[in-house]
Amino acid sequence: MAASRSGLPTDTVVIRTGMGPERASRANQAVRAAKPDAVAVVGVAGGLAPRVRPGDVIVASEVRTGDGTVTGRCPSAPLLAGELRRAGLTVHVGPIVSVPRLAVGTARAELAATGAIAVDMESAYLSPSAAGRPFAVIRVIVDTAAEPLGRLDLARRGLAGLRTLRRLGEPLGAWAAAVGQRRVLLAEPRAFCAGVERAIEVVERALEIHGAPVYVRKQIVHNTHVVNDLANRGAVFVDELDEVPTGATVVFSAHGVAPMVRTHANDRQLSVIDATCPLVEKVHAEARRFTARGDTVLLIGHSGHEEVDGTLGEAPGRITLVESAEAVGSIEVEDPERVTYLMQTTLAVDEAEEVVDALKDRFPAIVGPGSADICYATSNRQNAVRRVAAEADLVLVVGSENSANSRRLAEVSRRDGTESHLVESVDEVRLDWLVGADTIGISAGASAPPDLVAALSDALAGLGATSVSTRSIGTESIAFTLPKEVRRPQGG
């Protein structure tokens, strides 16, 4: 039966299976005969997980039979779930279990205990029809254990479920349009750098030593997933030290702090563990040294970034922020013969060089740091993403919006002429970006966990046969020593 006003592609074949495993199994023959590029199962289900409510939408990560046998996996589920959420639906992703008869009472509780979040009577029995093709299962919840389907509200719930089912067409159509073979190119290096790994380990060790709560000023690194994980383990993130109880343990983030913050911590008798990245601390030391000898320091960076705020605080009034080459013309200094420039460590290399060139034109006597301020991890990731962008139709950068180095990766790709998007996680990838993108490059900011890259690669593979290869500019072997406050004793 052809799709009509559903929002699905016009060549979609719709097969109504009926209820139960026998009808579902018989429908497999019709599905195979249609020779589909992809298979999607759509219908209603009962909710199992406590957070699931009638009217919610379930996207299966896998389908199982009642004995726990997994009959089908749905790796593209996060991509489809994201599309459904953008359509205004409440969506949950997780396992669906299929059983031969309606699950009620204790049977439903037993199924919930297996970790499945919804139950139906067909999906697992329909999964063989996919036969290795992209496979998706979407179910609208009509009842739960807490809100069972009663005779009086049967029609109301049924109509509500039908209305929700009709809203699935366009997101499913976007999923179908994105189905196809493609290449995935992984930029190397990508994801965590040594400074980020060190900062995270500082908080983990502090929790081991002191127990929860351990307070952290600002985000330890600019990544929501990292912050949420540490918060779940007992870290408490605060904006200012006034929020920390007197005498408590506080960790300074990887981005560094101004001297006045250290003084405030001392005044409040806080036990400080400093997780400032050593490469950021290098810039602070340069700022102290150059201003102490009488130079005006011009700091190339972005206003409001915590690293910049900390560096400016090393010598208020002696350090001027320069955000662009265009801003150089309006800078006034006390002595043009005593000018030094420094850089935020997470800048785009080519943009920073433009500012340096403008500064050298304006102040011929200006000097820079003895070694580059932009950190090795930032430079390496930018060079690696450029290599990927040269081959890709689309580059996806995994990282948080407030991560400067992550934003720079997407900007670098776009400046090289390749469409690029920064995404916090897989479900932020819009399926229409993928249409026509036969080669997709993936990178991740220095504060993004590596498992987010793996999840994105797996989800793309769920849309069709995918080859994955790496484009490397070299590996990183740098490691930084932990602060003395959290080092384990030798032999411990």
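**View 1. Strands β15 and β17 run parallel in a five-stranded sheet.** Five bridges join β15 (residues 394-398) to β17 (residues 439-444). Valine 398 stands opposite alanine 444 in β17. Helices (H or I, at least four residues) and strands (E, at least two) are DSSP runs, numbered from the N terminus. Two strands count as paired if DSSP finds at least two bridges between them. The model is predicted: local features need pLDDT of at least 70, side-chain atom pairs count only at pLDDT 80 or more, and totals for chains, interfaces and linings use all residues. Residues are numbered from 1 along each chain as its sequence is written, and side-chain values use heavy atoms, with hydrogens and water left out.

**View 2. The open sheet around β15 and β17 has five strands.** Their order is β16-β15-β17-β7-β18, with parallel pairing. β16 (419-423) and β18 (466-472) are the edge strands, each pairing on one side only. From one strand to the next, the twist averages 25 degrees. Helix α16 (residues 450-461) packs on this sheet. The helix touches β7 (182-188), β15, β17 and β18. Contact means heavy atoms within 4.5 Å. The direction of α16 makes about 165 degrees with that of β17. Axes are lines fitted to C-alpha atoms, for helices over the stretch in contact; angles run from 0 to 180 degrees between N-to-C directions.

**View 3. Three strands form another open sheet, in the order β13-β12-β14.** The pairing is parallel. β13 (319-322) and β14 (339-343) are the edge strands, and each pairs on one side only. The twist here averages 25 degrees from one strand to the next. Five bridges join β12 (residues 296-300) to β14. Threonine 296 stands opposite valine 339 in β14. Helix α10 (residues 278-292) lies across β12, β13 and β14, at about 170 degrees to β14. Helix α12 (residues 349-362) lies across β12, β13 and β14 as well, at about 150 degrees to β12.

**View 4. Helix α7 (194-210) follows the loop that holds proline 189.** The peptide bond from glutamate 188 to proline 189 is cis, with omega near 5 degrees. Proline 189 lies between β7 and α7. α7 has 17 residues and reaches 24 Å from its first C-alpha to its last. That is close to the 24 Å expected at 1.5 Å a residue; the expected span is 1.5 Å times one less than the number of residues. Buried residues of α7 include Val196, Ile200, Val203 and Leu207. Buried means under 20% relative accessible area, exposed over 50%, and partly exposed in between (1.4 Å probe, protein chains only). An α-helix has 3.6 residues a turn, so residues three or four places apart point the same way. Just after α7, glycine 211 takes a positive phi of about 75 degrees. A second cis peptide bond joins alanine 212 and proline 213, with omega about 0 degrees. Proline 213 sits in the loop between α7 and β8 (214-217).

**View 5. Lysine 218 and glutamine 269 have positive phi.** Lysine 218 has phi near 65 degrees. Its place is the loop between β8 and α8 (224-232). Lysine 218 counts as buried because its relative accessibility is 19%. Glutamine 269 has phi near 55 degrees. This residue lies in the loop between α9 (259-267) and β11 (271-274). Glutamine 269 counts as exposed, at 60% relative accessibility.

**View 6. Annotated "binding site" residues line the largest cavity.** The UniProt annotation, from an unreviewed entry, covers His222, His255, His305, Thr345, Ser403, Asn405 and Ser447. The lining of the largest cavity includes His222, His255, His305, Thr345, Ser403, Asn405 and Ser447. UniProt positions are given in the numbering used here, feature names are shortened, and annotations may be inferred rather than shown by experiment. On a 1 Å grid over the protein atoms alone, a cavity is a set of points where a 1.4 Å probe fits but cannot get out; lining residues have an atom within 4 Å of a point.

**View 7. Threonine 345 and asparagine 405 are buried.** Threonine 345 is in the loop between β14 and α12, at 4% relative accessibility. Beyond its neighbours within four places in sequence, its contacts include Leu279, Glu307, Asp373 and Thr378. Asparagine 405 is in helix α14 (residues 404-415), with a relative accessible area of 10%. Leaving aside neighbours within four places in sequence, asparagine 405 is in contact with Thr346, Thr378, Gly445, Ala446 and Ser447.

Notes:
1 Å grid on protein atoms, 1.4 Å probe; cavity = no way out; pocket = protein on both sides within 12 Å on 5 of 7 lines; lining within 4 Å.
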